[in-house]
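Grab a pencil and work through the exercises below. Each one sets a task and then walks through a solution.

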Amino acid sequence: MSGKSFFVDLAKCTACRGCQVACKQWNKLPAEQTRNHGSYQNPMDVSAITYKTVHMKEISDDQGFMAAWLFFPEQCRHCTEPPCKMTADAYDDQAILQDEVTGAITFTDRTKNLPDFDEIREACPYNIPRQNAETKVMTKCTMCLDRVQNGRVPACVQSCPTGTMNFGERDEMLALAENRLAEVQKKYPDAVLGDADSTRVIYLYQMPPQKYHDFAVASAATPGLMNRKAMFAKLFGSAPRNKA
Amino acid sequence: MKLGRREFVKLTAAATAVTAFGGMGFDFGPTTAHAQLLKLRKGKETTSVCCYCAVGCGLIVSTDEKTGRSINIEGNPDHPINEGALCAKGASLFQLGENEKRVTAPQYRAPGSDKWEEKSWEWMIEEIAKRIKKVRDTTFAEKNSKGQVVNRVEGLASVGSAALDSEECWVYQAFLRSLGLTYIEHQARICHSSTVPALAESFGRGAMTNHIIDIKNSDCVIIMGGNHAETHPICFKWVTRAQEKGAKLIHVDPRYTRTSAKADLYAPLRSGTDIAFLGGMIKYILDKDLIFRDYVLNYTNASFIVGPDFGFNDGLFTGFDEATRKYDKKKWAFAMDENGVPKRDMTLKDPRCVYQLLKAHYARYDTKTVSSVTGTPEDKLLEVYKTFTETSAPEKSGTILYAMGWTQHTVGVQNIRTMAMIQLLLGNIGMAGGGVNAMRGEGNVQGSTDHALLYHIIPGYMATPNAALQTYEEYIKASTPVSNDPKSVNWWQHKPKYFASLLKAMYKDADLSTAYTWMPKLDVGQNASWLVLFDQMLKGQFKGFFAWGMNPAASGANSHKTREALSKLDWMVNVNIYENETGSFWKGPDMNPRDVKTEVFFLPCAVSYEKQGSITNTGRWMQWRYAGPKPMGKCKPDGDMIYELALKLQELYKKDKGAFPGPILGLNTSDWGDGHEFDPHKVARLINGYYLKDTVVKAADGTETLLKAGSQVNGFPNLKDDGSTCCGNWVYCGSYTDKGNLAERRDKTQTPEQAKVGLYPNWTWSWPLNRRVLYNRASVDLNGKPYQSEKPVLAWNETGKKWLIDIPDGGGAPGTKHPFIMRTHGMGQLYGPGLNEGPFPEHYEPMECPIAEHPFSKRLNNPAALIFAGEEKKRAVCDPRYPFVCTSIRVTEHWQTGVMTRWQPWLIEAQPQMFCEMSEDLAELKGIKNGEKVILENPRGELWAIAMVTKRLKPMNIMGTPTHLVAIPWHYGWVWPKEGGDSANLLTPSVGDANTGIPETKAFMVNVKKA
């Protein structure tokens, strides 16, 4: 499979929030009004104005001492077969696009006309899509397509100091991921890659992914039934239909 | 039916599902999606360097040529240190400058007023200059109370700034000294002042020995007294690279932090017990004979014989005077031979040799005792000791990264000394991946320290003249060390050249004697450091004050004392980007503006990427920065403000002579600009130095060149002591030669050996003389062969008779010179008799501590620590009302007092409020829930914080008693944001280190309760 991919090596992340802020800076997104919830994490969730946020989880051993402090810089996974798009295509296959060259999934302005935001959001196993309350445009990470098309890496990738964020040709990123997995497994035998086959943002987890974030990975392998509507969209294009 | 979140389907599987549907047989190609080829908006691109933590990350600033404002700021992928990376603060730099809350025109606050009024620059400069002259003329002291000539102004003081470019720092110190100020201080005092004497005493210079990229060469990185994943996030790029090559990362810290999360080994310790911990490591090294013997014998003073007057008993060294609380250091002198060179025992068996005295001193630091004081479990102590001391193998090197956790204590200097001694014992100094890496914390605090915005030094680390040295000749004699050892380079013997050249740089047309009388003198032994300055301010000594690029109302220990002190001033000049707790102190909490008479002149300054000049990172790299957008509104670069003030003062003193006009009229401002605008290049050339008359220079090979007057001097060996050269700072001599401004170099060319260790000798310029790894002569044996064949930084080339790879730290063939050329005897000092509380570090408790006694001796605290009469009742020792140890901390997302970062929405979003980290145990004890407001209090003040109940802090067993620790960031202030909180320094004590007076803001006592 061609196109670009991210490899996110969580074993190296120090939660410096460079990625989180670099995304805000490149996209000139406004800041949220936050308060301290009793942890370093803020914002608590992605939103219409936050495409990337770093989740933090303290993990203790059986004596109550710190075993790990897990950091999870969350973003859209740019799925190879994106359910958000598959769902939206039933209404308008130009609302959510999949770039042929990079594989980037982008929410266009036309998402404001999709009839049911929750349907799109719930289609996503990672709970990523958000919506601007006023304009109704849906928002998420853009893979910095404007940067990538001009020979740069996404802002979050460039900002990362430790080598957590990597970006490049998919086969290179997959090879890097496999290498690093083997390395990290020496210290963390439970280390896994998350949804490597189906997403373009491959995370290396030192510990079971659910420890990092509820929506870190899509649940295990069994493919469910495809939504009838999405299937018809695939087959017949975006001819207007009544909502099934 | 909606697609459930968990029912994620792969299209390939769906393809089969289609057939399962009924085999419609459609061939569906990929969904069309041609995202348009997106264009990036074009801007003028300039480079700069981040102004925050001193790692020195490169930036690319894009400026819209039409609007003149920046449109994008991101990391420079080309820069060898950060390679495009930026932490949250660097990534947010756009919001530092493009911010509607910036003050963009000068503001004036009248006595008793509750508001600011906008004024013109002309009015500001005129009014400030008039007031400076008035205070100077009325408080100028020609003589002190002893009748000695001091020529100083008693009624003016200044703090600031590590935020200035080096060229601005230099002219600012020249300006202040020309006015006669002695009370000159800035961030360096309260941050890394303890580093300087600790490292200078141990190795000869007070700076980070290696550099940022070099960390990757280490076999073992220990981070202690520091939290560098959060304070210097981009340096972690290089820590990670070291780990990728198999290096171990050890983190020793009272808290489990973002640094600990990446460490291979984490060990907790109580704030203020680092000497106990490290003393235990020294004992471990000596007991197990793990020293790198050749190195210790040949490169340290381990073999030196100490004189008969030195002794130690029950917490005190010999020579202590209880009344003055000072030691007579002559008691600690070495035993000299008939040539005036220290006697040595190369077998290390003589009971009076340093090695044996060291062993005897740390005999008390067994792991059981150490553990009872530090709270570190014994097995963890041993694990740390074992892992780190493996680097004593000649092929291996270990490095220490440290910062405020070591510096900000009453024993700050000795904390650092202990590790410096360990590194000498293990033979890690001078090596790639070794060293003692003092991680400085401000964009240009290295430059501002080099250029001496401190009371006790003048540019280039020479002592401020004192009143006992009335003439130029007396100063030269008293400050130039002598060594009779032909193998000791004793580089400070050249001090007369540096001092003479500095005087000529400041006062070009005066003879050296006159220029010397123009320098303000301290009283002998006078302490005018930060805590003393604010103590004197509270007592009403100062009429006028400069808070130039500094926020002492939030950064100084004991905020109530500082803020009250400010109210005693007649006037203050406050230079900053944003409104802050210092310039606005008169409307702070507990202040009634009507009762505060202090005039405040707020001068809005340019941000770092709106002007040109150099800053020096923590690794001594002098990096030139360029202007992208113009200064916003009516903001000015600080250099222009200083220049205009200096010219205005000259104008006023020409009109009316006033007090002692000589130094003001004689100040060499011609090298600062063109008469109107400040010129950083001109100043940089002055700092480098140039010939004042035609001079013949002889090269090493004998060739002679005639250099005309005005030619740049190409290195400090060519400076003269006869007044024929001028040089603003000898340490920077060689940075701006007739070849050009080496700080502007952007060349990544390296030889293969240089590339291996990441030397980057052609990228910018590092002091001294572009040397990258200090003390590198110790990285080779007496034959010039590198100890580390895999990563040499120096190697002797026998055919060419020269040193290769890095610039050698001291010339001469192998084995002919001792490697620590800045030390009088040429050796790394295990025994350091120059420090104020002893030649060996000894554990003393912080001035505010949770225990009434400790097992190492009967002396509870540092007997020579800086304290202020009458403040004992505002301190808590083993006081049940304030039972918790408190430490001030930092987070990645904010910087220092937050005076710049609190105004940036992206950073406040990430860390919005003051918080207090506490263990689950403590929270349960006090009925506190995570996320709720708590109050911290002690005799000096109180503040609110959001409770952060965490597993990352745990109570410690200290001498049998469970002891709790809480941690608070010091990044907040009442000015903004409104619900952010106020400064941690409301709680910290005004007590300081015995050598430098750095406040002890890392260990004090508090109570915590629900709000």
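**Exercise 1.** Decide whether A:Arg110 is buried, partly exposed or exposed, and find its salt-bridge partner.

*Solution.* Keep in mind that you're looking at a predicted model. Step one: the relative accessibility of A:Arg110 is 42%. Partly exposed covers the range between under 20% (buried) and over 50% (exposed), so A:Arg110 counts as partly exposed. Step two: its side chain meets that of A:Asp92 in a salt bridge, at 3.0 Å from N to O. Step three: place the two partners. A:Asp92 sits in the loop between α2 (83–88) and β4 (96–98) of chain A, and A:Arg110 in the loop between β5 (105–107) and α3 (117–123) of chain A, so the pair links distant parts of the chain, 18 residues apart. Step four: A:Asp92 has a relative accessible area of 13%, so that residue is buried.

**Exercise 2.** Work out which residues share a salt-bridge network with A:Arg17.

*Solution.* Follow the shared partners: A:Arg17, B:Glu230, B:Arg258 and B:Glu893 are joined into one network. For the wider picture, a search over all chains finds 69 salt bridges. One of them pairs A:Glu169 with A:Lys4, at 2.6 Å from N to O. That pair spans 165 residues, with A:Glu169 in strand β8 and A:Lys4 in strand β1 of chain A. A:Glu169 is partly exposed, at 34% relative accessible area.

**Exercise 3.** Trace the four-stranded open sheet of chain A and say which strands stand at its edges.

*Solution.* First, write down the order: β8-β1-β10-β9, with mixed pairing. Next, look at the ends. β8 (165–169) and β9 (192–194) of chain A each have a single partner strand, so one side of each has no neighbour in the sheet. Then check the twist: neighbouring strands are turned by 25 degrees against each other on average, ignoring direction. Zoom in on β9(A), and you'll find three bridges to β10 (residues 201–205) of chain A, the two running antiparallel. In that pairing, A:Gly194 has A:Tyr203 as its bridge partner. Finally, add helix α6 (residues 170–187) of chain A, which lies across β1 (4–9), β8, β9 and β10, at about 140 degrees to β8(A).

**Exercise 4.** Do the same for the seven-stranded open sheet of chain B.

*Solution.* The order here is β5-β4-β23-β22-β21-β8-β9, again with mixed pairing. β5 (117–118) and β9 (184–185) of chain B are the edge strands, each pairing on one side only. At the β9(B) end, two bridges connect that strand to β8 (residues 156–159) of chain B, and they run parallel. There, B:Val159 stands opposite B:Glu185.

**Exercise 5.** Explain why helix α23 of chain B is largely enclosed, and look at the loop residue B:Asn558.

*Solution.* Begin with the helix, residues 559–566: six of its eight residues are buried, so the rest of the structure largely encloses α23(B). Among the buried ones are B:Lys561, B:Arg563 and B:Leu566. What do the buried residues pack against? The list is α21 (530–538), β21 (544–548), α22 (552–555) and β22 (571–576) of chain B. Now for B:Asn558, found in the loop between α22 and α23 of chain B. With a relative accessible area of 7%, B:Asn558 is buried. Setting aside neighbours within four places in sequence, its contacts are B:Arg940, B:Asn985, B:Thr988 and B:Ser990.

Methods: Residues are numbered from 1 along each chain as its sequence is written. Chains are lettered from A and ligands numbered from 1 in the order in which they are written. This is a predicted model: local features need pLDDT of at least 70, side-chain atom pairs count only at pLDDT 80 or more; totals for chains, interfaces and linings use all residues. Side-chain values use heavy atoms; hydrogens and water are left out. Buried means under 20% relative accessible area, exposed over 50%, partly exposed in between (1.4 Å probe, protein chains only). Contact means heavy atoms within 4.5 Å. Two strands pair if DSSP finds at least two bridges between them. Axes are lines fitted to C-alpha atoms, for helices over the stretch in contact, and angles run from 0 to 180 degrees between N-to-C directions. A salt bridge is a side-chain nitrogen of Lys or Arg within 4 Å of a carboxyl oxygen of Asp or Glu.
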